[in-house]
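Me: Please take a close look at one part of this model and describe how it is built into its surroundings. I would like the cut-offs spelled out as you go.

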Amino acid sequence: MSRPTGRVLTLLELLQSGGIRTVAELADRLGVEGRTVRRYVEQLIDLDVPVESVRGRHGGYRLGSGYRLPPLMLGEEEALAVLLGLAAVRRAGPVTGLPTAGETAAAKIRRVLPRHLAHRLDALLETVAHTGEPRELPAPDADTLLTVADAVRHGRPVSIGYTDREGRRSRRVLHAYGIVAHAGRWYVTGTEPATGEERTFRLDRVTEARTLPGSFEAPVGRSPRDRVLEGFATAGYRHEVTLRIRATARHIRAHLPAAVAVLHEEAGESEKEAAVAVEAEGADATGEAGGERWWRAEVRAERLDWLPPVLAALDRPFVVERPDELRRLIGELADRLASRARRTPSA
């Protein structure tokens, strides 16, 4: 593909992301002069792509309504991959408008598949079983999702209208680092330039999104996924729990994932705790059996009743630093389990 043709297709991609794009912005994105942008627009119009010119202070170009994708040529494996992806989307985090669009798209592709491949696909979809049912959750608007994604990709500020869980509405500007899908919901994480605070917003609560002029550099270090999960683990819930657990990080994470607990590696351990670990786990004098060591786990929770069974399932030495209520709940669970273990089958 020649460079001019590639730039024309890139221009079409930019216009498809929505909104009005100024000539200066397009020229900067494409690495060309303004008059070249206008020539590329004329080429799109010659291909019957409805590009509209918008006059005025904030004018530029936008894609006209009613534009549809041109025909696509898919191989058998590509068509199968698309259909399986559409089937998976139905069970993932919902997006407004996509379930219906996904069903119609799947039906169109299904109709043109070779008969033998269609039968094999039907057999797969009819025989596969899922371990859980799809969750009925509020869905973000598809256009909002795409607008925010474009802002993330190109490092542009985005203005969003947001409604919090109390129903309060606000308008915010966000330097968005990334979009994260977690537990059936979509989130955007970034920094509010007005305060410098790092924030995470549920995208189904965003009522409107539009990109703004300017750019920013996303910080290096933690990934958007890690930022969102850490935000869940440090949210302001009713109880603040601090535990010390002797295990491998992988073993702890299997029971207390990153969205639940923040882990800090301990620099050392007391002689008493090391002795307990040696006796319980068969560790050597250094207390380093099988790569296990002491970790500090910080958990925020609205309720505590779910934690004692989780700690029992860990089956590793642990110390509750706070709160006292958790110690009481653990003791009550231990008493119940011991009482039931002593029971004998009735004659």
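Reply: Helix α8 covers residues 224-233, and its buried residues are Arg 227, Val 228, Leu 229 and Ala 233; here buried means under 20% relative accessible area, exposed means over 50% and partly exposed lies in between, with a 1.4 Å probe and protein chains only. This is a predicted model, in which local features need pLDDT of at least 70 and side-chain atom pairs count only at pLDDT 80 or more, while totals for chains, interfaces and linings use all residues. Residues are numbered from 1 along each chain as its sequence is written, and side-chain values use heavy atoms, with hydrogens and water left out. Helices (H or I, at least four residues) and strands (E, at least two) are DSSP runs numbered from the N terminus.

The cover over the buried residues of α8 includes β4 (169-182), β5 (185-192), β6 (197-202), β9 (261-265) and β10 (293-301). Among these, β4, β5 and β6 are touched as α8 packs on their sheet, and the direction of α8 makes about 110 degrees with that of β4; a contact means heavy atoms within 4.5 Å, and axes are lines fitted to C-alpha atoms, for helices over the stretch in contact, with angles from 0 to 180 degrees between N-to-C directions.

That sheet is open and has five strands in the order β6-β5-β4-β3-β7, with antiparallel pairing, where two strands pair if DSSP finds at least two bridges between them. Its edge strands are β6 and β7 (206-211), each of which pairs on one side only, and neighbouring strands are turned by 45 degrees against each other on average, direction ignored. Another helix, α7 (residues 142-154), lies across β3, β4, β5 and β7 and runs at about 40 degrees to β7.

Within this sheet, β3 deserves attention. Six of the six residues of β3 are buried, so the strand is largely enclosed by the rest of the structure. Val 158, Ile 160 and Tyr 162 point one way from β3, whereas Ser 159, Gly 161 and Thr 163 point the other way. On one side β3 pairs with β4 in the antiparallel sense over six bridges, with Arg 171 of β4 as the bridge partner of Gly 161; β3 also pairs with β7, again in the antiparallel sense, over five bridges, and there Glu 208 is the partner of Gly 161 and Thr 211 that of Val 158. The hairpin of β3 and β4 has five residues between the strands, and in it Gly 167 takes a positive phi near 90 degrees.

The structure holds one aromatic pair, formed by Tyr 162 and Phe 201 in an edge-to-face arrangement, at 4.7 Å centre to centre and 65 degrees between the planes. Rings of Phe, Tyr and Trp (its six-membered ring) count as a pair if their centres lie within 6.5 Å, and planes under 30 degrees apart are stacked, over 60 edge-to-face and the rest tilted. Since Tyr 162 lies in strand β3 (residues 158-163) and Phe 201 in strand β6, the pair ties together parts that are 39 residues apart in sequence. Both rings belong to buried residues, with Tyr 162 at 8% relative accessibility and Phe 201 at 1%.

The remaining strands named in the cover of α8, β9 and β10, belong to an open sheet of four strands in the order β9-β10-β8-β11, with antiparallel pairing. At its edges stand β9 and β11 (318-322), each with a single partner strand, so one side of each is left without a neighbour in the sheet. Neighbouring strands here are turned by 25 degrees against each other on average, direction ignored. Strands β8 and β10 pair over nine bridges in the antiparallel sense, and Trp 295 in β10 is the bridge partner of Ile 245. Arg 244 lies over the face of Trp 294, at 5.0 Å from the ring centre; a charge sits over a ring if NZ of Lys or CZ of Arg is within 6 Å of the ring centre and within 35 degrees of the ring normal.

Ile 245 is also among the residues with the most contacts inside the largest nonpolar core, which has 20 residues; such a core is a set of buried Ala, Val, Leu, Ile, Met, Phe, Trp, Tyr and Cys residues joined through side-chain atoms within 4.5 Å. To this core β8 (239-247), β9, β10, α11 (307-314) and α12 (324-341) each supply at least two residues.
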